[in-house]
Amino acid sequence: MRILVVDAFTDRPFGGNPAGVCLLDRPVTDEWMQAVAAEMKHSETAFVEPVEGDEAARATPSVDYRLRWFTPAVEVDLCGHATLATAHVLFERGEAGPIRFSTRSGVLTVHRDRAGTVTMEFPALPPEPAPEPAGLAEALGTAIVATGRSRFDVLAEVADEATVRGLAPDLGALAAVEARGIIVTARADDAAPYDFVSRYFAPSVGVPEDPVTGSAHCVLGPYWAKELGRSDGAPLTAVQLSARGGTVRVATRGDTVELTGSARTVLEGELHAT
């Protein structure tokens with residue numbers, strides 16, 4: 001069974017967010033997938049298998065692959081960078097696209113352009129205004145301008161880009177916040193060639209800080225489109241200010257968010273523990 005490591009949302013090796021991609025060639029258990037993800041130690045490892053024959057014909061809309069994502073600790077319902085990594089692997093193996101993945105968040109469609117850039121159609125998850133969770137500002141070590149909640153995460157807007165860049169949060173305190181993760185964001189500096197910045201912390205699901213988080217941009221895209229007064233479908237450029245860093249281009253179109261980025265395969269091997 002083949003397993004790869006792919007750096008997502010970057011055009012260079014050792015940048016962006018590394019994801020494991022396991023190409024399943026036989027049925028496996030949930031416990032086995034969780035054990036592999038724990039062994040890989042990336043923020044997510046994706047497990048993908050083709051859907052063939054009558055089952056694909058009956059699906060509405062038809063799907064090409066089943067896709068699941070595991071952190072080292074739990075299975076998650078939505079992951080952007082591991083989806084990008086998986087699509088990159090399949091395109092490199094000859095898939096023409098578009099590719100339709102059956103996932104716990106519905107059918108996700110992925111395209112690739114001639115330059116090799118991948119665009120993923122994900123559900124928009126605009127945050128609802130919500131009270132600031134108790135202890136969040138203290139855990140982050142900074143004042144919060146505005147807070148909201150999405151299906152999975154808490155969003156916290158802070159004063160500026162420098163504040164996001166300089167965060168050194170108390171991860172134990174963040175793990176006590178009732179959410180999959182904490183998105184911290186701010187408008188980009190005036191001279192920056194991008195629109196907004198973020199960082200993402202999810203210690204409660206085994207990810208202290210995620211290098212580049214595609215699913216967080218399902219929240220950030222609608223949020224900043226509204227805050228910046230952008231029209232429906234207008235593209236925004238986002239930078240996630242982790243140590244590795246990465247760039248996500250995001251466009252909100254009604255109930256859909258298009259996330260665009262590049263990826264690079266850095267490792268491929270054979271998984272013997274089956």
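Me: How many residue pairs are in polar contact across the interface of domain 1 and domain 2?
Reply: Keep in mind that this is a predicted model. The domain assignment puts residues 2–121 + 261–270 in domain 1 and 128–254 in domain 2. Counting pairs with both residues at pLDDT 80 or more, the rule gives 10.

Me: Which elements give two or more residues to the side of domain 1 that touches domain 2?
Reply: That side divides into eight nonpolar, nine polar and five charged residues. Two elements meet the mark: strand E2 (17–23) and helix H3 (80–92).

Me: Which side chains meet in a salt bridge, N to O at 3.2 Å?
Reply: The rule finds one salt bridge across the interface of domain 1 and domain 2. Its cut-off is 4 Å from a Lys or Arg nitrogen to an Asp or Glu carboxyl oxygen. At 3.2 Å, the pair that meets is Asp7 and Arg244.

Me: What area do domain 1 and domain 2 bury between them?
Reply: Contact involves 22 residues of domain 1 and 18 of domain 2, while the domain centres sit 24 Å apart over C-alpha atoms. Carbon and sulfur atoms take 53% of the buried area, and the total is about 1400 Å².

Me: Is Phe14 buried or exposed?
Reply: Phe14 is in the loop between strand E1 (2–8) and E2, and has a positive phi of about 70° without being a glycine. Exposed means over 50% relative accessible area. Phe14 has 62%, so Phe14 is exposed.

Me: Which residues does a cis peptide bond join?
Reply: Look at the loop between H3 and strand E6 (99–103), where Pro98 lies. With omega at about -5°, the cis bond joins Gly97 and Pro98.

Methods:
Residues are numbered from 1 along each chain as its sequence is written. Side-chain values use heavy atoms; hydrogens and water are left out. Domain bounds come from an automatic or database domain assignment. Contact means heavy atoms within 4.5 Å. Buried area is the accessible area (1.4 Å probe) that two parts lose on being put together, summed over both. A polar contact is a pair of N or O atoms within 3.5 Å; within protein, one must be able to donate a hydrogen and the other to accept it, and residues adjacent in sequence count only if both atoms are side-chain atoms. Helices (H or I, at least four residues) and strands (E, at least two) are DSSP runs, numbered from the N terminus. Ala, Val, Leu, Ile, Met, Phe, Trp, Tyr, Cys and Pro count as nonpolar, Asp, Glu, Lys and Arg as charged, and the others, Gly among them, as polar. Buried means under 20% relative accessible area, exposed over 50%, partly exposed in between (1.4 Å probe, protein chains only).
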